[in-house]
Amino acid sequence: MIGKDEFERQILECQSQMYRLALSIMKNQQDAEDVVSDAIITAFEHRNSLRDPSKFKSWIMTIVANNAKTALRKKKREELTDTFDDLSQPVVSREGSGTEVWDAVMKMKEKYSKVIVLYYYFGFSTKEIGKMLRITQGAVKTRLDRARESLKKDLMV
């Protein structure tokens, strides 16, 4: 078990290293500071789980790295969600200029509309889409195929 005073001393010793690690992952000063703060709180709350106080530095650095990776994933998901929220209205609004297609895409299940928008609207590759959505490239291709088939059926008059 590590006491409050010892915890504080250890944090002060490795604070700059914690920040540099967080910054290398987050690529943003404010986000890195938030990650370090969260890591300190987490470590303090779980300080009794540290069995060997001599391994404090590696323990706290692992917490920082894990918190940073989690924050980065959350940030990417939020950015992707914001992108889809911004796309609720069609880009073009002249009659006969694509609003039918856009409406059909927006009526699809989300897993299909996402890949269509990312692929055709933003120009991402299937590999990039797979990384963003955390699915395989094969799954992206399958979803694109199914979405295209759905569009063909919906747009046939």
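These are legends for a set of close-up views of a predicted model.

**View 1. The whole chain is built from helices.**
Here's the backdrop for the close-ups that come later. The protein chain has 7 helices and 0 strands, so reading along the sequence gives the pattern α-α-α-α-α-α-α. Of the 157 residues in the chain, 29% are buried. Take the contacts with a separation of 6 or more: 60% of them involve residues 24 or more positions apart.

**View 2. Helix 4 has a buried face and a side turned away from it.**
Helix 4 runs over residues 99-107. Which of its residues are buried? Trp102, Ala104 and Val105 are. Look down the axis of helix 4 and these buried residues fall within an arc of 160 degrees, so they line one face of the helix. Turn to the face pointing away from that buried side and you meet Glu100 and Lys107, both exposed. As for what the buried residues of helix 4 pack against, the partners are helix 5 and helix 7, and the next two views take these in turn.

**View 3. Helix 4 packs against helix 5.**
Two packed helices are described by the angle between their axes and the distance between the axes. For helix 4 and helix 5 (residues 110-121), the angle is about 135 degrees and the axes are 7 Å apart. That angle makes helix 4 oblique to helix 5. On the helix 4 side, look for Trp102, Val105 and Met106; on the helix 5 side, the residues they meet are Ser113, Ile116 and Val117. Sorted by class, the contact of helix 4 with helix 5 comes out as 5 nonpolar, 1 polar and no charged residues.

**View 4. Helix 4 crosses helix 7.**
Helix 7 covers residues 137-155. Its axis and that of helix 4 come within 10 Å and cross at roughly 125 degrees, and the two helices are therefore oblique to each other. What is the hand of the crossing of helix 4 and helix 7? The crossing is right-handed. From helix 4, Glu100, Val101, Ala104 and Val105 take part in the contact, and they meet Leu151, Asp154 and Leu155 of helix 7. The tally for the contact of helix 4 with helix 7 is 5 nonpolar, no polar and 2 charged residues. Val105 may look familiar: this residue also belongs to the contact with helix 5. Glu100 turns up again too, having been listed as exposed on the face turned away from the buried side of helix 4.

**View 5. Helix 6 keeps its buried residues on the same side.**
In helix 6 (residues 126-133), the buried residues are Thr126, Ile129, Gly130 and Leu133. Around the axis they cover an arc of only 105 degrees, which puts them on the same side of helix 6. Over on the other side, Lys127 and Lys131 are exposed.

**View 6. Arg134 and Lys27 both have a positive phi.**
Most residues other than glycine have a negative phi, and most peptide bonds are trans. Against that background, Arg134 has a positive phi of about 60 degrees although it is not a glycine. You'll find Arg134 just after helix 6, in the loop between helix 6 and helix 7. With a relative accessibility of 55%, Arg134 counts as exposed. Now for Lys27, where phi is near 65 degrees, again positive in a residue other than glycine. Lys27 sits in the loop between helix 1 (4-26) and helix 2 (29-45). Is Lys27 buried or exposed? At 67% relative accessibility, Lys27 counts as exposed.

**View 7. Gln10 is a buried residue in helix 1.**
Zoom in on helix 1 to find Gln10. Its relative accessible area is 13%, and since buried means under 20%, Gln10 counts as buried. Leaving aside residues up to four places away in sequence, Gln10 touches Ile2, Pro53 and Phe56.

**View 8. Lys111 and Arg143 are 32 residues apart along the chain.**
Lys111 lies in helix 5. At 37% relative accessibility, this lysine counts as partly exposed. How far is the C-alpha atom of Lys111 from that of Arg143? The two C-alpha atoms are separated by 7.4 Å.

Notes:
Residues are numbered from 1 along each chain as its sequence is written. This is a predicted model: local features need pLDDT of at least 70, side-chain atom pairs count only at pLDDT 80 or more; totals for chains, interfaces and linings use all residues. Side-chain values use heavy atoms; hydrogens and water are left out. Axes are lines fitted to C-alpha atoms, for helices over the stretch in contact, and angles run from 0 to 180 degrees between N-to-C directions. Helices (H or I, at least four residues) and strands (E, at least two) are DSSP runs, numbered from the N terminus. Angles under 35 degrees count as roughly parallel, over 145 as roughly antiparallel, 65 to 115 as roughly perpendicular and the rest as oblique. Contact means heavy atoms within 4.5 Å. Ala, Val, Leu, Ile, Met, Phe, Trp, Tyr, Cys and Pro count as nonpolar, Asp, Glu, Lys and Arg as charged, and the others, Gly among them, as polar. Buried means under 20% relative accessible area, exposed over 50%, partly exposed in between (1.4 Å probe, protein chains only). The arc is that of the directions from the helix axis to the C-beta atoms. A crossing is left-handed if the near helix is turned anticlockwise from the far one by less than a right angle, and right-handed if clockwise.
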